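Dear colleague,

I am handing over the structure we spoke about, and you will find it just below. My notes on what was found in it follow.

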Amino acid sequence: MTETTPVPTPLSDEQLDRLEQLLEDTALEDAMRLDQIQGYLCAVLAGPQPMPEVDWLADVIGSEDALASQAGREATDLLRCFATGIEAELAAGIPPILLLYPKDEADSEDSPSDYVPWCQAYLAGVDASEEDWFEALGESELDHEDEENEEVNYLDERLFPLMVLTGEAAAAAREHGEEWPEGEEGERIIDECEEDLPQAVTDIYRFWLAKRGQPTIRHETPKVGRNDPCPCGSGKKYKQCCGAS
């Protein structure tokens, strides 16, 4: 695994190596990779409310059964420390040094870092939020012909690097019949987004941190918790049933 620059972390290099080993244990076959975990945590610790530890641990490790395994229990201790460090840095306005794997692991020394899994995991964390980020800002109540919502625009702007690096921005442009820069211009945009990504996720965290002390929009229908029984009557948890879509 490679890092863009030396990283301040509450985990020592030995602990990070051990966590990587644990994540490859057969008992944790559905666990995320370390780069995905960092991206996911940066998102689920942000938002209108941070995701409860019990939820993100199960998501990261892969299942509650995996959590109960010997490897899962040891990984849990390391992940708690890892998450605490991430949240402390974000709250202090310190951009995280991204833990990234090379695109070509067979030639890791010369291969550029792969931002895609990290960004995809972050966006998965956004989708996993119990309260939709944009609905929390009142986007659904906007008449788009009226004055725009500055907070929605700000969040869109700070999410832009993730949308570019996952290819979603280009796909959305083409879907709407718009041109997307290619060649040198496209590469320049990608380079800028890679450079901006750590600051962008820090800004997003601090944006939500400031918002949490303000009144939020109340929903008339009670929100179903991710670990609550699914209201469809399947007997499964909401996140494993209708909430998975």
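The accessible surface of the protein chain comes to about 13700 Å², and 46% of that belongs to carbon and sulfur atoms. Please keep in mind that this is a predicted model. Of the 245 residues in the protein chain, 42% count as buried.

As for the fold, the protein chain has 10 helices and two strands, and from the N terminus on these elements run β-α-α-α-α-α-β-α-α-α-α-α. Among contacts with a separation of 6 or more, 67% are made by residues 24 or more positions apart.

The aromatic residues deserve a careful look, since a search of the whole structure finds six aromatic pairs. In one of them, the rings of Tyr122 and Trp133 have their centres 6.4 Å apart and their planes at 90°, so this pair is edge-to-face. The pair links distant parts of the chain, with Tyr122 in helix 6 (residues 116-127) and Trp133 in helix 7 (residues 133-136), 11 residues apart. Tyr122 is buried at a relative accessible area of 0%, and Trp133 is buried as well, at 2%.

The rings of Phe207 and Trp208 are also edge-to-face, because their planes stand at 70°, with the centres 5.1 Å apart. Phe207 is buried with a relative accessible area of 13%, and Trp208 is buried with 2%. These four residues, together with Trp118 and Tyr154, form one aromatic cluster.

Finally, two arginines are worth noting: the charged end of Arg33 sits over the ring of Tyr101, 4.5 Å from its centre, while that of Arg212 sits over the ring of Tyr205, 5.8 Å from its centre.

Best regards

Definitions and conventions: Residues numbered from 1 in each chain as written. Predicted model: local features only at pLDDT ≥ 70, side-chain atom pairs only at ≥ 80, totals over all residues. Heavy atoms only, no water. Helix = DSSP H or I, 4+ residues; strand = E, 2+ residues; numbered from the N terminus. Buried < 20%, exposed > 50% of the residue type's maximum accessible area, 1.4 Å probe, protein only. Contact = heavy atoms within 4.5 Å. Areas by Shrake-Rupley, 256 points an atom, 1.4 Å probe, with all protein chains shown as cover. Phe/Tyr/Trp six-rings, centres within 6.5 Å; stacked < 30°, edge-to-face > 60°. Lys NZ or Arg CZ within 6 Å of the ring centre and 35° of its normal.
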